[in-house]
Amino acid sequence: MDLTIQIAEGFIGLFKVGSKVFISWMTGIVPLVLLLLVFMNTVINLIGQERVNRFAQWASKYSLMRNMVLPFVAAFTLCNPAAFTLGKFLPEFYKPSYYAAVAQYCHTSSGIFPHINPGELFLYLGVSAGITTLGLSVTPLAIRYLLVGLVMNAIGAYVTDFTTAYVCKKSGIKLSKVAKV
């Protein structure tokens, strides 16, 4: 009987801990994410959707802009999954590498910009829990995560460009390197 009681208490205890975490999120991270989303939508509306689109089209012409800056701007302003929509301005050849950079960036930015991909925030919060337990700031970790992610995601995009070129060559497919908007 004691074992049954311990199992039942452990089972309900799991949900009690989960509810405490949920309430802490509702009074901490959820309002932060909501306000960041409202802020970014306001910025986009003030700048104008057409200007944002023109910037994306211009940025797609240059390698560093296409693989590092454009994915950052798209993820920061449009969030996941809308960040992928700026890829429509890219030539067909570069769309796979843009997708790779944005998909990865939406994960590596969650520490400092939780509004980009709030669904993945639990990963970062798990990693940063140890630092919080020590009473240290998680901001240095978040910034390092962001910077390393930015560089590694761009490298991943370049590798994807090389892979795309290889697959095109082997399969005889010719993808356009000129944007058609």
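1. The largest nonpolar core, a set of buried Ala, Val, Leu, Ile, Met, Phe, Trp, Tyr and Cys residues joined through side-chain atoms within 4.5 Å, has 20 residues. Leu70, Ala75, Leu86, Tyr98, Tyr105 and Ile116 touch the most other members. Helix 3 (49-59), helix 4 and helix 5 (95-108) each give two or more residues to this core, and helix 4 gives the most, with five. Helices here are DSSP runs (H or I, at least four residues) numbered from the N terminus.

2. This is a predicted model, in which local features need pLDDT of at least 70 and side-chain atom pairs count only at pLDDT 80 or more, while totals for chains, interfaces and linings use all residues. Residues are numbered from 1 along each chain, and side-chain values use heavy atoms, without hydrogens and water.

3. Leaving aside neighbours within four places in sequence, Leu86 is in contact (heavy atoms within 4.5 Å) with Asn53, Ala56, Leu70, Ala74, Leu78 and Tyr98.

4. The axes of helix 4 (residues 63-78) and helix 7 (residues 139-171), lines fitted to C-alpha atoms over the stretch in contact, come within 10 Å and cross at roughly 135°. Helix 4 contributes Ser63, Leu64, Arg66, Asn67, Met68 and Phe72 to the contact, and helix 7 contributes Leu146, Leu150, Val151, Ala154, Ala157, Tyr158 and Asp161.

5. Thr163 lies in helix 7. Thr163 counts as partly exposed (between 20% and 50% relative accessible area, 1.4 Å probe, protein chains only) because its relative accessibility is 43%. Its C-alpha atom is separated by 43 Å from that of Val21, 142 residues apart along the chain.

Conventions: Axes are lines fitted to C-alpha atoms, for helices over the stretch in contact, and angles run from 0 to 180 degrees between N-to-C directions.
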